[in-house]
Amino acid sequence: MSALPAGRGARRTRGLAPTALAAASLLMLAACGGGSLSEGGGGGEGDDSGPVKIGLALPLSGVYSSLGEDMEQGFQLYLDENEDQLGGRDIEIISADEGETPQTGVPATTKLVTQDQVSAVVGIVNSATALGLKDTFVQSEVPLIIANAGADDLTTPPSPYIWRTSFTNGQVGEALGAAVAEELGGDPIYLMAADYAAGHESVDGFRESFTAAGGKIAGEAFTPFGTTSDWQPYLNKVRSSGAKAVYVFYAGAEAVNFVKQYDAFGLGDNIQLYGAGFLTEGGALDAQGKSALGVRTSLHYSNLLDSERNAQFVEAYEAAYNEPPTVYAVQAYDAAAVLDQAIESAESTDGAGLAEALEGVGEIDSPRGTWSFDENHNPDQPYYQREVQEVDGVLGNAVLGELEQ
Ligand code: BEZ
């Protein structure tokens with residue numbers, strides 16, 4: 001395992017802020033006479049001489065804003081490493097704020113397709129927002145490269161216009177179930193998650209493999225997404241249920257509050273906390289501090305993954321942003337790598353041309369390990385069990401091993 005990285009510094013020390021990026025792009029569009037208000041199928045102008053317009057739809061506000069910031073940094077790093085080009089073409093980025101829910105994310109992202117006429121969109125953190133956008137992309141024939149949202153239905157059945165460089169929520173939960181059943185040796189577990197598609201799918205995936213391996217469930221609770229600030233009533237139920245462990249799905253600001261309250265309520269010492277790895281990722285772990293020590297999670301990445309490719313990526317990312325990379329940054333970095341290959345081989349760079357080229361994308365040389373798309377357009381990839389440990393005064397997600405799938 002590679003050494004734990006130096007402590008996190010101030011976030012974003014390099015690269016344009018997304019809002020500045022958006023303003024710059026819109027100015028450029030106005031100067032070029034672009035930004036047509038027409039609603040057109042096919043997406044993008046397919047102009048094979050000028051820059052290729054790519055939409056970046058990420059949460060810049062709300063409980064998932066830190067995830068959006070990491071993703072913007074990951075995408076930008078790939079551009080920095082490739083002279084601001086993808087597939088040998090100049091790129092024009094047009095940013096949109098996904099916000100917290102479909103009420104903000106669906107209209108902001110739809111505008112990228114109908115008004116800005118981008119050739120493809122990268123991003124989308126929230127599963128409910130992605131589900132609300134799927135038909136727009138399919139009907140407009142513009143590819144959406146999902147760089148986080150894990151809802152299973154987004155890629156089942158697969159569409160030529162929907163691709164994903166992240167994970168499915170069910171897979172992340174399912175990967176951990178059998179290992180936890182073995183660790184608990186028949187003791188019951190309590191399940192808890194944010195009450196929307198991602199939370200339910202994560203818990204369903206975990207429950208399936210956990211019970212198949214003989215695990216017992218003590219109870220379950222789903223907490224209102226984005227509005228829960230006090231978990232004490234739910235933690236009371238955990239305590240009285242007789243559970244010896246808890247599995248949860250929380251990310252971003254919800255993950256911070258949940259883990260801190262779990263520890264402050266005195267559960268941390270007696271009832272082992274497990275979760276999908278978003279629980280202790282990046283800025284969430286920074287804010288949780290020592291209250292997260294010992295939390296065990298499943299994920300397809302840790303910045304502590306021991307490989308030459310990851311060490312090279314971590315070094316470049318830390319040099320650019322003065323903080324270690326996260327899974328969110330890697331997913332967006334890889335989305336840029338996917339577009340790099342697709343644009344390189346595309347016969348035309350409008351939406352339909354890029355969708356066709358995406359079918360031919362091969363292996364992605366990723367910091368998480370080399371992966372390629374499966375038949376549903378999701379990454380075919382391993383998942384790891386991780387544990388929050390402190391080494392030389394720095395907290396990180398140490399990799400315990402690869403999980404059997
Ligand atoms: C989701 O909505 O699918 C999601 C959001 C944050 C982290 C992981 C998954």
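In this predicted model, the largest cavity lies between two domains, because domain 1 (11–167 + 309–373) and domain 2 (170–299 + 384–402) both give residues to its lining. A search of the whole structure finds 2 cavities of 30 Å³ or more, and the volume of the largest cavity is about 90 Å³. Its lining is made up of 15 residues, of which Val125, Asn148, Phe167, Tyr196 and Phe249 are the closest to the centre of the cavity. When these lining residues are sorted by class, 11 are nonpolar and 4 are polar, and no charged residues are present.

The largest cavity is also the space taken by the ligand. The shell around the ligand contains 15 residues, and Val125, Ser127, Gly150, Asn169 and Tyr196 come nearest to the ligand. By class, this shell holds 10 nonpolar and 5 polar residues, with no charged residues among them. As with the lining of the cavity, domain 1 (11–167 + 309–373) and domain 2 (170–299 + 384–402) both contribute residues to the shell, and the ligand therefore lies between the two domains.

Oxygen atoms of the ligand are placed close to N or O atoms of several shell residues, and the distances can be given for Val125, Ser127 and Asn169. In the case of Val125, the atom concerned is a backbone N or O atom, which lies 3.3 Å from an oxygen atom of the ligand. For Ser127, an N or O atom in the side chain is 2.6 Å from an oxygen atom of the ligand, and for Asn169 a side-chain N or O atom is found at 3.3 Å from a ligand oxygen atom. The accessible area that the ligand has on its own amounts to 260 Å², and the protein covers 100% of this area.

The second largest cavity contains about 40 Å³ of space. It is lined by 10 residues, and those closest to the centre of this second cavity are Ser66, Leu67, Glu281, Gly283 and Tyr328.

Definitions and conventions: Residues numbered from 1 in each chain as written. Predicted model: local features only at pLDDT ≥ 70, side-chain atom pairs only at ≥ 80, totals over all residues. Heavy atoms only, no water. Near = heavy atom within 4 Å. Polar contact = N/O pair within 3.5 Å; in protein donor to acceptor, adjacent residues only side chain to side chain. Areas by Shrake-Rupley, 256 points an atom, 1.4 Å probe, with all protein chains shown as cover. 1 Å grid on protein atoms, 1.4 Å probe; cavity = no way out; pocket = protein on both sides within 12 Å on 5 of 7 lines; lining within 4 Å. Sits in = over half its atoms within 2 Å of the grid points. Nonpolar A, V, L, I, M, F, W, Y, C, P; charged D, E, K, R; others polar. Domains from an automatic or database assignment. Points joined across faces, edges and corners; volume = space filled by probe spheres on them.
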